[in-house]
Every structure is written in structure tokens, then in C-alpha cells.
Amino acid sequence: MANQISNCFAALADPTRRAVIEQLATRPQSVKKLAAHHAMALPTFMRHLQVLHDCGLIRSEKTGRVRTCHLEPHALLEVQGWLAWQREIWERQQDKRDQIPMELGGEN
């Protein structure tokens, strides 16, 4: 699971791939429609889709000559779960820091 989360973070580090995820959040879309929003050659755009596919963030299906991409939310839920776990740890640490007496700070 840790490797999949790492792969998802690596995939989401790229703004083009984040934009694709945002485009797919509302509905599945064809590769042609997705690519139309990005100023790059189709082979370059297809490599971005492959990265998203390889880490499980999207899936695609081909019907005739049209390839349609779909968001795979389970991969995002794993990332969200990891972030929530980290936030809980950070908040606990902050609570501990907040409990340190103010007199240690040299208050007059």
C-alpha cells in the first residue's frame, strides 16, 4: 500500500495530471476531449495518462475507436486516508506543544 501511495503522490505532483483528475471528477471523458485542454502533443499527453493508469488513479476502456477514461476514486481514498492519519498525528503534537506552560517562554 505504501508504494501505491508513493506512486499516487508522484503522479499528482505534475500539474497536467492533477488537471486530468479534476476533469474526470465530474464524469468520464474521451482521451480526445481530455487532451484538448492541454497544449502538448498527443503522445506526450498519453504518457501522462499512462502514469495515472499505472498508479491506479484512472482506468480506461475502448469502444470502437474511442478510448474513455474514468476516475478510480479508491486510489484517492487511500491517499486521503494517509493524509488524515498524518493530520491526526500533527494535531496531537500541536496539542502537546500548546500544553507547555507559558512561563517557559519568558513571559513578564
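**Exercise 1. Find how much surface the protein exposes and which atoms supply most of it.**

Step 1. The protein exposes about 7,700 Å². Accessible areas come from the Shrake-Rupley method with a 1.4 Å probe, and for residues only the protein chains shown count as cover.

Step 2. Carbon and sulfur atoms supply 55% of the exposed area.

Step 3. Know the basis. This is a predicted model, in which local features need pLDDT of at least 70, side-chain atom pairs count only at pLDDT 80 or more, and totals for chains, interfaces and linings use all residues. Residues are numbered from 1 along each chain as its sequence is written, and side-chain values use heavy atoms, with hydrogens and water left out.

Step 4. Turn to burial. Of the 108 residues, 29% count as buried. Buried means under 20% relative accessible area, exposed means over 50%, and partly exposed lies in between (1.4 Å probe, protein chains only).

**Exercise 2. List the secondary structure elements in order.**

Step 1. Count them. The protein has 5 helices and 3 strands. Helices (H or I, at least four residues) and strands (E, at least two) are DSSP runs, numbered from the N terminus.

Step 2. Read from the N terminus. The order is α-α-β-α-α-β-β-α.

Step 3. Check the contacts in sequence. Take those between residues at least 6 apart: 49% of them join residues at least 24 apart. Contact means heavy atoms within 4.5 Å.

**Exercise 3. Describe how helix H2 packs on helix H4.**

Step 1. Locate the helices. H2 covers residues 15–24 and H4 covers residues 42–54.

Step 2. Take the geometry. The angle is about 70 degrees, and the axes are 10 Å apart. Axes are lines fitted to C-alpha atoms, for helices over the stretch in contact, and angles run from 0 to 180 degrees between N-to-C directions.

Step 3. Classify. H2 is therefore roughly perpendicular to H4. The classes are: under 35 degrees roughly parallel, over 145 roughly antiparallel, 65 to 115 roughly perpendicular, and the rest oblique.

Step 4. Name the residues that meet. H2 brings Thr 16, Arg 17, Val 20 and Ile 21. H4 brings Phe 45, His 48, Leu 49, Val 51 and Leu 52.

**Exercise 4. Place Ala 11 and decide whether it is buried or exposed.**

Step 1. Ala 11 sits in helix H1, residues 2–12.

Step 2. Its relative accessibility is 1%, so Ala 11 counts as buried.

Step 3. Leave aside neighbours within four places in sequence. Ala 11 is then in contact with Arg 17, Val 51, Leu 52, Cys 55 and Leu 57.

Step 4. Compare sequence and space. Ala 11 and His 48 are 37 residues apart in sequence, and their C-alpha atoms are 8.3 Å apart.

**Exercise 5. Identify the residues of the nonpolar surface patch.**

Step 1. Phe 9, Trp 82, Leu 83 and Trp 85 make a patch of about 390 Å². Patches are made of residues with over 30% relative accessible area and no salt bridge; like charges are joined within 9 Å, and nonpolar side chains (Val, Leu, Ile, Met, Phe, Trp, Tyr) within 5 Å.

Step 2. Assign the source. Helix H5 (residues 73–98) gives the largest share, 3 residues. Phe 9 lies in helix H1.

Step 3. Check Phe 9. Its relative accessible area is 33%, so Phe 9 is partly exposed.

**Exercise 6. Work through the salt bridges.**

Step 1. Count. There are 4 salt bridges. Each is a side-chain nitrogen of Lys or Arg within 4 Å of a carboxyl oxygen of Asp or Glu.

Step 2. Start in helix H5. Arg 87 and Glu 91 meet at 2.8 Å, N to O. They are 4 residues apart in H5, so about one helical turn separates them. Arg 87 is exposed at 52%, while Glu 91 is partly exposed at 40%.

Step 3. Take the next pair. Arg 92 and Glu 88 meet at 2.9 Å, N to O. About one helical turn separates Arg 92 and Glu 88, because they are 4 residues apart in H5.

Step 4. Move to the network. Salt bridges link Arg 59, Glu 61 and Glu 72. The closest N and O atoms of Arg 59 and Glu 61 are 3.8 Å apart.

Step 5. Examine Glu 72. This residue lies in the loop between strand E3 (66–71) and H5. At 16% relative accessibility, Glu 72 counts as buried. Arg 59 is partly exposed at 36%, and Glu 61 is partly exposed at 37%.

Step 6. List the contacts. Not counting residues up to four places away in sequence, Glu 72 touches Gly 56, Leu 57, Ile 58 and Arg 59.
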